[in-house]
Amino acid sequence: MCFGIFMSLNLVRGFPFWLHDVPDIVYRSNNEPFKFYMQNFTTKIVNLMKSEGLYATEGGPIILSQIENEYQNVEAAFHGKGPPYVRWAAKMAVGLQTGVPWIMCKQTDAPDPVINTCNGMRCGETFGGPNSPNKPSLWTENWTSFYQVYGQKPYIRSAEDIAFHAALFIARNGSYINYYMYHGGTNFGRTSSAYIITAYYDQAPLDEYGLKRQPKWGHLKDLHAAIKLCSTTLLQGVRTNYSLGQQQEAIVFQEETGGCAAFLTNYDGHNITVQFQNISLKLLPKSISILPDCKNIAFNSAKVNTEYNDRIITLAQTFDSTDSWEEFKDEVVNFEDTSLKSNGLLEHINATKDKSDYLWYTIRLEHNFSSTEAVLHVQSLAHVAHAFLNNIYIGSANGSFTTKNFTMDIPFMVKDGINNISILSVMVGLQDSGAFLERKRTGLTTVTIQGDENEFYNLTNYEWGYKVGLLGEELQIYREENVADVVWCKYGTSINQTLTWYKIFFDAPKGDDPVALNLSSMGKGEAWVNGQSIGRYWISFHDYQGNSSQILYHVPRSFLKTGENLLVLLEENGGNPLQISLNTVSTINVQKDSSDDQIASSFEDYIEMESYRYSY
């Protein structure tokens with residue numbers, strides 16, 4: 001089993017928006033403008049690595065480099081432009097002469113000498129192997145959990161399952177496994193992709209805060225130690241496999257010098273006793289036993305010998321004093337406030353250039369309605385919409401990870417004369433995968449008003465006014481040097497708690513434990529600590545059991561001072577900052593509970609999410 005740094009030049013997750021505006025560009029295809037910028041970027045990164053001596057051939061830790069990412073999932077959409085792009089990308093990468101192998105994951109036709117590799121949870125079962133006998137069998141992403149989206153529970157993959165499939169892959173001639181992720185993280189700022197929560201792979205062996213997830217961390221450590229005991233025999237021995245029963249198999253590596261290592265697999269859901277080399281051995285249900293000497297079991301994937309732990313959240317401070325909070329009510333933009341105007345509904349991202357999640361769509365109607373009641377109908381390809389009539393909030397709607405659009409139907413009372421309609425369109429991250437990302441439309445697509453049965457207005461092609469972002473964003477009032485650029489009021493002054501900024505100062509908790517804000521009382525928005533965004537929050541988006549997908553938000557201690565730390569929140573609609581708390585995060589060893597075996601999201605759920613991810 002090989003250890004080292006795997007450098008992924010994965011352009012898909014990080015296309016800068018300006019690339020979208022390059023004339024005639026088609027991402028990830030045999031397209032000259034795209035290839036020009038892709039080669040520039042790849043060359044720049046490789047040269048940076050070389051300048052620091054980071055490749056293994058220079059004495060550094062990088063042993064593999066990746067070009068492209070799971071391209072075969074979308075290649076068919078590009079028809080004849082796909083295969084030549086794969087060949088070009090491979091040739092371009094190899095030509096940069098890094099001195100280490102290049103790989104393409106999930107690309108069965110990766111051109112020589114680029115190595116095709118596997119990503120997933122069961123590569124020991126699903127991987128068809130390298131496409132050439134001179135290429136090793138590599139598992140470049142062993143998913144220890146899965147990304148989580150708003151409105152869904154986390155996918156909890158057991159330590160036993162990860163260990164089983166990792167051992168199986170090694171037994172079947174696998175030579176490298178890279179865990180994705182081994183250490184969880186945080187999508188600070190606006191870096192998360194569409195509908196992805198701020199915490200990322202928090203269920204990894206090392207969680208978002210860098211704390212051990214037990215028994216996952218310890219069980220994999222034991223697995224690695226057992227495989228290391230077999231390493232010489234795995235490299236030098238001849239592999240054979242034979243049946244030990246209907247659902248039992250022995251995979252044996254035998255050296256000419258007598259060294260022997262065995263992997264005994266039981267696919268059955270029950271305990272089974274087998275005879276192996278004249279020894280009677282008990283195999284646990286759905287497990288692999290590793291015998292470094294073909295006699296003694298050093299590790300069994302289903303037997304966890306390490307301790308279990310739970311996360312402990314310790315209250316450090318509450319923010320329940322109304323005297324400590326101040327608020328600033330952001331402005332609702334009307335048609336006359338805008339300088340950008342267009343006949344028709346503009347595409348959201350093209351208008352914002354991804355400088356903000358927010359785009360105001362505004363229109364002024366000078367109609368005398370025959371009825372006093374009407375319905376505002378909105379169709380959107382964005383993620384959220386908030387509607388205002390004459391500066392008064394009238395309703396919201398949102399989509400989800402598994403829907404490409406949503407509708408909003410809001411009854412409202414109209415007045416004679418001028419009516420100002422302002423709709424705030426909101427994105428919660430950009431799509432990070434799929435074909436033709438440069439063509440994806442976001443934002444409002446249809447706006448109509450239905451009065452009585454004879455009164456209908458299709459406003460879609462009317463003249464609309466637009467403004468990118470919110471005033472507080474523009475002024476960067478989340479930064480201490482800018483906080484005085486607006487007039488803050490005492491908490492509770494605003495009657496309509498939409499688009500409200502809140503600020504408070506606090507002291508850092510003592511000690512070294514990681515720090516987190518509990519935002520369970522808030523609705524949707526973004527939070528900053530000392531000018532650093534700790535990410536978007538969306539507490540009001542519940543799963544099927546009525547629970548928020550994430551309530552704790554990581555505040556790195558590197559963001560904090562000893563005292564007078566500035567916390568600023570932008571709340572889109574609702575929320576109660578008086579119930580926010582500051583906490584420290586730690587772990588405590590516990591006895592295993594039967595609930596530990598419950599999987600929050602099924603394997604089928606993750607398959608469904610992957611299909612939406614590429615078809616979104």
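In this predicted model, the buried residues of helix α4 are Ala-159, Glu-160, Ile-162, Ala-163, Phe-164, His-165, Ala-166, Ala-167, Leu-168, Phe-169, Ile-170 and Ala-171. They make up twelve of the 13 residues of α4, so the helix is largely enclosed by the rest of the structure. The helix covers residues 159-171. At 1.5 Å a residue it should span 18 Å, and its end C-alpha atoms are indeed 18 Å apart. Asn-173 follows α4 and has a positive phi, near 75°.

Phe-164, one of the buried residues of α4, also takes part in a charge-ring contact. The charged end of Lys-286 sits over the ring of Phe-164, 4.9 Å from its centre. A second such contact involves Trp-488: Lys-503 lies over its face, at 5.4 Å from the ring centre.

Aromatic pairs come to 37 with a cut-off of 6.5 Å between ring centres. Tyr-478 and Trp-528 illustrate the stacked class. Their ring centres are 4.5 Å apart and their planes lie at 5°, so the pair counts as stacked, the limit for that class being under 30 degrees. Tyr-478 lies in the loop between α8 (471-475) and β28 (489-490), whereas Trp-528 belongs to strand β31 (residues 524-529). The pair therefore ties together parts that are 50 residues apart in sequence. Both partners are buried: Tyr-478 has a relative accessible area of 14%, and Trp-528 one of 5%.

Aromatic residues also group beyond pairs. One aromatic cluster is formed by Phe-15, Tyr-27, Phe-34, Tyr-71, Phe-78, Tyr-85, Trp-88 and Phe-436.

Terms used:
Residues numbered from 1 in each chain as written. Predicted model: local features only at pLDDT ≥ 70, side-chain atom pairs only at ≥ 80, totals over all residues. Heavy atoms only, no water. Phe/Tyr/Trp six-rings, centres within 6.5 Å; stacked < 30°, edge-to-face > 60°. Helix = DSSP H or I, 4+ residues; strand = E, 2+ residues; numbered from the N terminus. Buried < 20%, exposed > 50% of the residue type's maximum accessible area, 1.4 Å probe, protein only. Lys NZ or Arg CZ within 6 Å of the ring centre and 35° of its normal. Expected span 1.5 Å × (residues − 1).
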